[in-house]
Amino acid sequence: MCATIALAQFSAAGDPAVNLETIASYAGQAGFARADLLVLPEYGMGYPKKGGDFPAGQTLDGPFAAGLCALARQHGLYIACGLLERTGGDKLYNTTVLIDRDGHIVRAHRKTHLFCSPSFQESDHFLPGDRLFQPVDTDFGRLGLLVCYEIRFPELARLQVLDGAQLLVVCSAFVAGPGKNAQWHTLLNARAIENGVFVCAADHTKPHVFLGESCAYDPVGTPLGSLGAAEGMLMVRCDVENLDAYRTQNPAILQRRASLYQMKDGRS
């Protein structure tokens with residue numbers, strides 16, 4: 001079983017309808033190429049101009065999510081995309097939805113670890129989610145998911161792999177800056193190597209804000225492809241059926257001595 005993953009990289013506008021049109025173009029390309037999954041960035045629904053406000057949030061049955069579901073159904077592919085979820089409170093959730101080929105939301109993950117720096121506090125706009133992502137079985141493998149800043153917390157990836165994830169999808173809005181290119185690739189590659197899984201990540205590109213560099217790594221750390229700073233789409237193939245062969249080369253995940261380190265929640 002070889003999964004074909006499409007990673008779309010674009011610069012989100014402040015208008016969800018405009019972004020949905022952009023996503024429709026990528027979904028058409030991905031469907032034509034017979035991709036199994038289209039991975040879109042975090043904040044795929046919209047990102048403000050400098051100093052502006054995020055677009056108004058929507059519910060999971062709102063027009064943006066409904067548009068994603070229609071695209072997944074039309075093109076017969078899974079879609080992972082970030083949106084701004086409104087639940088009735090003063091703040092939104094930074095939520096990523098995973099939609100199946102029939103156009104149904106099979107998982108909605110609220111970002112658990114919010115990025116906070118001196119220049120930007122994600123917690124000013126969003127509430128943190130309080131549930132880990134539970135991997136999803138698909139017809140091309142068992143999927144795990146991380147959202148941007150969550151790649152800096154190895155436990156989040158490890159717990160999903162212990163729950164059977166063969167491929168980790170990352171929807172991101174990773175910012176540019178000194179050393180950020182190295183951090184991005186190092187963290188993604190590390191999550192792949194230490195867990196013996198495929199990692200496929202989509203980022204935004206926006207001048208002077210986001211990094212771009214959407215990319216993928218196999219379970220032994222070999223790059224499967226990478227975009228630069230420009231908008232575009234990267235297609236990669238992930239041979240999840242032969243995960244055991246990769247883990248013969250890189251067996252660390254199989255050699256854990258769980259009795260020596262047990263997590264506080266009782267899992268090891």
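Contact here means heavy atoms within 4.5 Å, and it is in this sense that one element is said to lie across another in the exercises below, which concern a predicted model.

**Exercise 1. Describe the six-stranded sheet and the helices that lie across it.**

Begin with the strand order, which is β7-β8-β9-β10-β13-β14 in an open sheet of mixed pairing. The edges are formed by β7 (136-138) and β14 (223-226), each of which pairs on one side only. Neighbouring strands of this sheet are turned by 20° against each other on average, direction ignored.

Next, take the pairing at the β14 edge: strand β13 (residues 215-217) runs antiparallel to β14 and is joined to it by three bridges. Within β14, G225 is the bridge partner of A216.

Finally, place the helices. Helix α3 (residues 154-162) lies across β8 (141-147) and β9 (167-171), and its direction makes an angle of about 165° with β8. Helix α4 (residues 180-195) lies across β9, β10 (198-202), β13 and β14, running at about 35° to β13.

**Exercise 2. Determine whether the length of helix α2 agrees with the expected span, and state what covers its buried residues.**

The expected span is 1.5 Å times one less than the number of residues. Helix α2 (residues 63-75) has 13 residues and should therefore span 18 Å; its end C-alpha atoms are 18 Å apart, so the two values agree.

The buried residues of α2 are F64, A65, G67, L68, C69, L71 and A72. What covers them includes helix α1 together with the strands β3 (78-85), β4 (92-99) and β5 (105-110). After the helix comes G76, whose phi is positive, near 65°.

**Exercise 3. Identify the residues that touch the most other members of the largest nonpolar core, and list the contacts of C238.**

The largest nonpolar core has 49 residues, of which I5, L37, L167, L188 and C238 touch the most other members. For C238, once its neighbours within four places in sequence are left aside, the contacts are M1, C2, A3, I5, L167, F198, C200 and L224. A second, separate core has 34 residues, with I23, A35, M45 and A72 among them.

**Exercise 4. Decide whether D36 is buried or exposed, and name its contacts.**

D36 is found in the loop between α1 (16-32) and β2 (37-39). Its relative accessible area is 13%, and since buried means under 20%, D36 is buried. Leaving aside its neighbours within four places in sequence, D36 is in contact with C2, A3, T4, L77, Y78, R101 and F140.

**Exercise 5. Classify the aromatic pairs that F54 forms with Y47 and with F126, and explain which parts the second pair ties together.**

The structure holds 12 aromatic pairs. In the pair of Y47 and F54, the ring centres are 5.4 Å apart and the planes stand at 85°; because planes over 60 degrees apart count as edge-to-face, this pair is edge-to-face. The pair of F54 and F126 is also edge-to-face, at 5.1 Å centre to centre and with 75° between the planes.

As to location, F54 lies in the loop between β2 and α2, whereas F126 lies in strand β6 (residues 126-127), so their pair ties together parts that are 72 residues apart in sequence. Y47 is buried, with a relative accessible area of 14%, and F54 is buried at 13%; F126 is buried as well. One aromatic cluster is formed by Y43, Y47, F54, F126 and F210.

Terms used: Residues are numbered from 1 along each chain as its sequence is written. This is a predicted model: local features need pLDDT of at least 70, side-chain atom pairs count only at pLDDT 80 or more; totals for chains, interfaces and linings use all residues. Side-chain values use heavy atoms; hydrogens and water are left out. Two strands pair if DSSP finds at least two bridges between them. Helices (H or I, at least four residues) and strands (E, at least two) are DSSP runs, numbered from the N terminus. Axes are lines fitted to C-alpha atoms, for helices over the stretch in contact, and angles run from 0 to 180 degrees between N-to-C directions. A nonpolar core is a set of buried Ala, Val, Leu, Ile, Met, Phe, Trp, Tyr and Cys residues joined through side-chain atoms within 4.5 Å. Buried means under 20% relative accessible area, exposed over 50%, partly exposed in between (1.4 Å probe, protein chains only). Rings of Phe, Tyr and Trp (its six-membered ring) pair if their centres lie within 6.5 Å; planes under 30 degrees apart count as stacked, over 60 as edge-to-face and the rest as tilted.
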